[in-house]
Amino acid sequence: MSFYAGATGDPSKAFVQDFTTIPEGSKALATIKAFEVVDKDATQYSGATKFFQVTWKLTTGDFTNREVQQKIKCFDGKPEQIERAKNMLVLVMKLCDYTPSHNNEPTTQELASLCGKIVGIVIGEWSMPKADGSGNMEGNFVRECHKSEGFACETGVKAEVKYAAPAPDSAFSRNKPQEDDLFPDSDVPF
């Protein structure tokens with residue numbers, strides 16, 4: 001086999017892809033690249049967590065070949081969040097024509113059979129300030145999943161996120177006065 005097998009010198013294949021955040025509301029067909037159970041142990045920074053993770057690879061639209069990860073958190077949270085997550089898991093299974101062979105939680109090996117299936121997804125944006133105050137962290141998540149047949153692809157609009165400026169630190173905010181501190185020996189009620 002030649003060292004240059006498959007290489008064409010095409011600029012679109014030679015340059016690194018843009019890693020900007022995919023705009024809010026973008027719709028694209030995507031294939032499941034990986035579907036697994038993630039079970040993380042507790043660390044000094046976070047507690048133990050378990051969830052299903054789907055890695056989607058976009059196959060159409062302006063962001064073809066980009067990947068978006070979806071976390072389906074069926075194990076922790078409020079009851080309504082867990083119910084919504086389980087419904088999302090079942091929806092993805094239905095869209096991929098997958099029927100579990102038992103009523104227990106699916107394993108990574110069982111979910112691997114969904115790899116390669118194509119589904120229409122709607123992408124959302126998330127943003128949060130960095131802990132050190134040096135800017136914002138941004139990323140994408142999967143908002144919705146739909147049948148691939150007749151799914152219209154479109155590019156969304158970049159979300160405008162504004163964070164409230166923190167209140168300036170002052171002596172008044174650091175040292176809240178006690179009611180008795182103002183007039184400790186006074187019987188005046190004001």
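**Cavity, pockets and helix H2**

Reader: Which strand gives the most to the lining of the largest cavity?

Author: This is a predicted model, so to speak: local features need pLDDT of at least 70 and side-chain atom pairs 80 or more, while totals for chains, interfaces and linings use all residues. Numbering runs from 1 along each chain as its sequence is written, and side-chain values use heavy atoms, without hydrogens and water. Among the residues lining the largest cavity (on a 1 Å grid over the protein atoms alone, points where a 1.4 Å probe fits but cannot get out; lining means an atom within 4 Å of a point) are Ser-26, Lys-27 and Ala-28. With 3 residues, the top contributor (strands are DSSP E runs of at least two residues, helices H or I runs of at least four) is S1, residues 26-40.

Reader: How much space lies in that largest cavity?

Author: The count comes to 1 cavity of 30 Å³ or more. Volume here is the space filled by probe spheres set on grid points joined across faces, edges and corners, and for the largest cavity that's about 50 Å³.

Reader: On to H2: what should its 17 residues span?

Author: Helix H2 covers residues 79-95, and its end C-alpha atoms sit 24 Å apart. The expected span is 1.5 Å times one less than the number of residues. That agrees with the model, as H2 should span 24 Å.

Reader: Within what arc do the buried residues of H2 fall?

Author: Buried (under 20% relative accessible area with a 1.4 Å probe, protein chains only) are Ile-82, Ala-85, Met-88, Leu-89, Val-92 and Met-93. They line one face of the helix, because their arc, taken from the directions from the helix axis to the C-beta atoms, is 135°.

Reader: And which residues are exposed on the other side of H2?

Author: What covers the buried residues includes S1, S2 (49-58), S3 (67-72), H3 (108-111) and S5 (136-146), going by contacts (heavy atoms within 4.5 Å). On the other side, the exposed ones (over 50%) are Pro-79, Glu-83, Arg-84 and Lys-94.

Reader: Which element gives the most to the lining of the largest pocket?

Author: A pocket is an open set of points with protein on both sides within 12 Å along at least five of seven lines, and the largest holds about 600 Å³. Of its 20 lining residues, the closest to the centre are Gln-70, Lys-71, Ile-72, Phe-141 and Val-142. S3, H2 and S5 each supply at least two, but the most, 6 residues, come from S3.
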